[in-house]
Every structure is written in structure tokens, then in C-alpha cells.
Amino acid sequence: MHTLRSSSVATLAKAVCKLSPRLKSTAGRPSAPLGSRFLTNPDDVFKHNMWDHVQWTEEDKENARQRIEENSCTQIPLKEQGKFDTDACQYWDKFYGRHQDKFFKDRNWLFLEFPELLPPGAKSEVTNRCQSDQQAVLTTGSSTETNKHHRSPDTADLQESCQKAVPEKDDAATQTATFPGQHASFRILEVGCGVGNSVFPIINTIKEKDAFLYCCDFSPRAIQLVKDHPDYDDSVCHAFVHDVCEENTSMPFPPRSLDVILTVFVLSSIHPNRIQGVVNRLSTYLKHGGIFLFRDHGRYDFSQVRFKKGRCLSENFYTRGDGTCVYFFTKEEVHDLFSNAGLEEVQNLEDRRLQVNRREKVAMHRVWMQSKYRKFFVTIHFPAHPR
């Protein structure tokens, strides 16, 4: 970690001051996704654990680039790299065996950034409640939160209109076979669900809303932890073991049956050569008008900068000490990834924040990618009636 110098804080605050007027709330609604806590006074930097929409200086960018160049100059030999791909399931299974459900926090911010997870008619109720809860936290000046998220209302409204306009031919695909969640009108799949940090906030929100959640992970231990959770309810959720990298395995639901696919810090754990194939296959399960929601690690994030030499597998792809892997995306890569799968961009953002350790007086530049891509509609041309 690097100590935040007063000169860099002043430069940072000046850059954010220029940005903040464009992001202020209007009509009582959040002005932008990805949070609204702006660092406008350098003296305030250690008052909170996280600052949103942080602009990098050229010096910040160059420092990160140099650090990454240094930590990636020595790569793990090719003959030793195969195990990190072929044995990925074992590494993650050991991870969950060691940490159980204590490592990650529940993602209660999901519905603020991804209101598309809610079925039509439920969005305003839940997002308004989330906004009220968050405003209460901001008003009391709580500094324990490290992820301040806000919704992007336009994409939610657009998604709802898309769901209402989905062609009936998608519904026909769900009538030919019996499968879990068949009778739900709104279906979600979370890929790489781990121990359920997204699953249970979703389950507790979609109950009694004619919605159904599928969640999968290639770690049997993780899926068992999900099923053993007291909030697991098989009337609204089906958890199953599945490796999305395997090309010839099937899902427990037919193609064109999903309204939403969610991947949160999942695709980055896959070998870069496999990611496109995974997105291509997953996209076939979306209905026309369905949406793919993505959040993951971004290029130059502090977690990339701090890797030691000898942990790099290939360009921007690393292995941690426990054998799990991580890739760091750019906006351009994310766009190409989903566009090549036949999806159209709704949102593609680079989430830059300043994370602060107030006790140690240390600041870290964080970078995450957040994107939404929709499956194209199929235009149906009806023959003109004879005059």
C-alpha cells in the first residue's frame, strides 16, 4: 500500500471538484450510478472509508502502469500454468472449505446498481426502500460502509418495458419441458454464486413476486453451503453445481428462458482464453430483451498493483497464493466481450474509487467494471393484409 501524500490529495480533490457539479442529484433522485460521495475537500479524505467517482491524475496512472509492468515481467512458466486452469474447481473448493461463508459480505447494494434483478412492478418499491435506507446512513455520517451504490433509473425502466415486449416465441421454449421454476414469469441466473452473498438478498426480495432464481457454482462445497443456509427456499431458488467452462454440459432450464443473468466477480476468475466462449454460451439462455449484468475487477485496480513478482500467468492475469486466479478488464475488453456474444450495450462503466484505511492513513485506488448488455429483439414481420 502507498501512503497518501498531501500534494496528491489536493490534486485528487481538485479533479473531483470539477466532476461533482455534473453528478449532483436532481428531484431527490440519485444522479448517477456507482455512488454519490464526492471528495471535495482534501482535509476530509480520512472521514470516510470510500470516495466515489475519483479522477486519476497522470501521475497516478503512470505509477500504476509501472508497478504492473514490474510485477508481470516474470511470468510463471507455461508448463506450470495448466494446473491453475484444470484444477480451478479444487482451489475454490478449498477456499470455501477454509472460509465457509465468513469471507465475503452479503451484497445488499445489488438492487441499487442492478434494479433489473427485480420483476416488473417491484422495482420502485424496493429501490425506494434501498434509497431511504442509504440516505439514513449518509445522514447519520456512518463511516463503516465501504460500498456506496446508487441505482441507474433509466436502465431499470427500459428493462421493464423490454420484458413486457418480449416475443411470445421465447415463452414457447419454456412449455416443452418440465424444469424448476417453469411457471415463474421472471427468471434470474447467478453464475458463480459462491456461498450465496448475492443469492439471499435476491431470494428475500423476490419472494411472492412470481420470480425464480437459479444459482450455480463449480464448487460442490459452496453449493452445499447455499442449500444449508436457513434462508434457502427451493420454491423460489434452485442451486446446482455447474462449471460454465465445460462446453457440453446442459443447464436445468431451456434456452431463451432467462430474463436476467448476473455475474459478480466471476468472469475474472476464468482463463482469458475461455471467457468469450462462456459469455457466448450463457447468452443463449437469455430471452430476447433479457439482460446480462456484470461487475468485476478493472485494470490498474490496487489489487492488481500490489501483486508480487512471480504471480503473473499472462498479461493482466494472475494467480493468488491460494491458487485462485484473477483477470483485470478494461472497458473496451468488456464491450467487445458482450458485443461479440450478440448483445447490445445498455451500460458500460469504469467505477473508480478511493478506498481509505483511516487508522493507517493509507489510501488505495480501486477500479471495478460495471456493465449491462441486452439480448437483441427478434423483429417479426407480419404479411400485409390484402386490400
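How many helices and strands does the chain have? In this predicted model, the chain comprises 13 helices and 11 strands. Of its 387 residues, 52% count as buried. The accessible surface amounts to about 18,500 Å², and carbon and sulfur atoms account for 48% of that area. Among contacts between residues at least 6 apart in sequence, 76% join residues at least 24 apart.

Eight of the strands are arranged in an open sheet of mixed pairing, in the order β1-β10-β11-β6-β5-β2-β3-β4. Strands β1 (50-51) and β4 occupy the edges, and each has a single partner strand, so one side of each lacks a neighbour in the sheet. Strands β2 and β3 are paired in the parallel sense over six bridges. One contact of this kind is made by V191, whose bridge partner in β3 is C216. Helix α10 (residues 220-228) packs on the sheet, where α10 touches β3 and β4; the direction of α10 makes about 160 degrees with that of β4.

Elsewhere in the sheet, β5 and β6 run parallel and are joined by six bridges. Strand β6 is mostly covered, with 12 of its 12 residues buried. T263 belongs to strand β5 and stands opposite F294 in β6. With a relative accessibility of 0%, T263 counts as buried. When residues up to four places away in sequence are not counted, T263 touches V191, F292, L293, F294 and R295. Two of the residues touched by T263 thus recur in other parts of this description: V191 as the bridge partner of C216, and F294 as the residue opposite T263.

Aromatic ring pairs were examined next. The count comes to 13 aromatic pairs. In one of them, formed by Y214 and F253, the ring centres lie 4.6 Å apart and the planes meet at 50 degrees; the pair is classed as tilted because this angle falls between the limits of 30 degrees for stacked and 60 degrees for edge-to-face rings. This pair links distant parts of the chain, given that Y214 is in strand β3 (residues 211-217) and F253 is in the loop between β4 (237-241) and β5 (258-264), 39 residues apart. Both Y214 and F253 are buried.

A second pair is made by F294 and F338, with ring centres 5.5 Å apart and planes at 70 degrees, so this pair is edge-to-face. F294 is located in strand β6 (residues 286-297) and F338 in helix α13 (residues 331-339); the pair therefore ties together parts that are 44 residues apart in sequence. F294 is buried, with a relative accessible area of 0%, and F338 is likewise buried, at 0%. Ring pairs also connect F292, F294, F317, Y327, F329, F338 and Y373 into a cluster. Among the members of this cluster, F292 and F294 are contacts of T263.

Two arginine side chains have their charged ends over tryptophan rings. The charged end of R295 sits over the ring of W109, at 5.5 Å from the ring centre. R295 is also one of the residues that T263 touches. For R352, the charged end sits over the ring of W56, 4.5 Å from the centre of that ring.

The surroundings of S198 and helix α9 were considered in turn. S198 is placed in the loop between β2 (186-191) and α9 (199-206), and at 0% relative accessibility S198 counts as buried. Leaving aside neighbours within four places in sequence, S198 is in contact with R107, L110, E190 and L262. The C-alpha atoms of S198 and V264 are 8.6 Å apart in space, although the two residues are 66 residues apart in sequence. Helix α9 is mostly covered, as seven of its eight residues are buried. The buried residues of α9 are V199, F200, P201, I202, I203, T205 and I206. The helix is followed by E208, which has a positive phi near 60 degrees.

Notes: Residues numbered from 1 in each chain as written. Predicted model: local features only at pLDDT ≥ 70, side-chain atom pairs only at ≥ 80, totals over all residues. Heavy atoms only, no water. Phe/Tyr/Trp six-rings, centres within 6.5 Å; stacked < 30°, edge-to-face > 60°. Helix = DSSP H or I, 4+ residues; strand = E, 2+ residues; numbered from the N terminus. Buried < 20%, exposed > 50% of the residue type's maximum accessible area, 1.4 Å probe, protein only. Lys NZ or Arg CZ within 6 Å of the ring centre and 35° of its normal. Contact = heavy atoms within 4.5 Å. Areas by Shrake-Rupley, 256 points an atom, 1.4 Å probe, with all protein chains shown as cover. Pairing = 2+ DSSP bridges. Axes fitted to C-alpha atoms, helices over the stretch in contact; angles between N-to-C directions.
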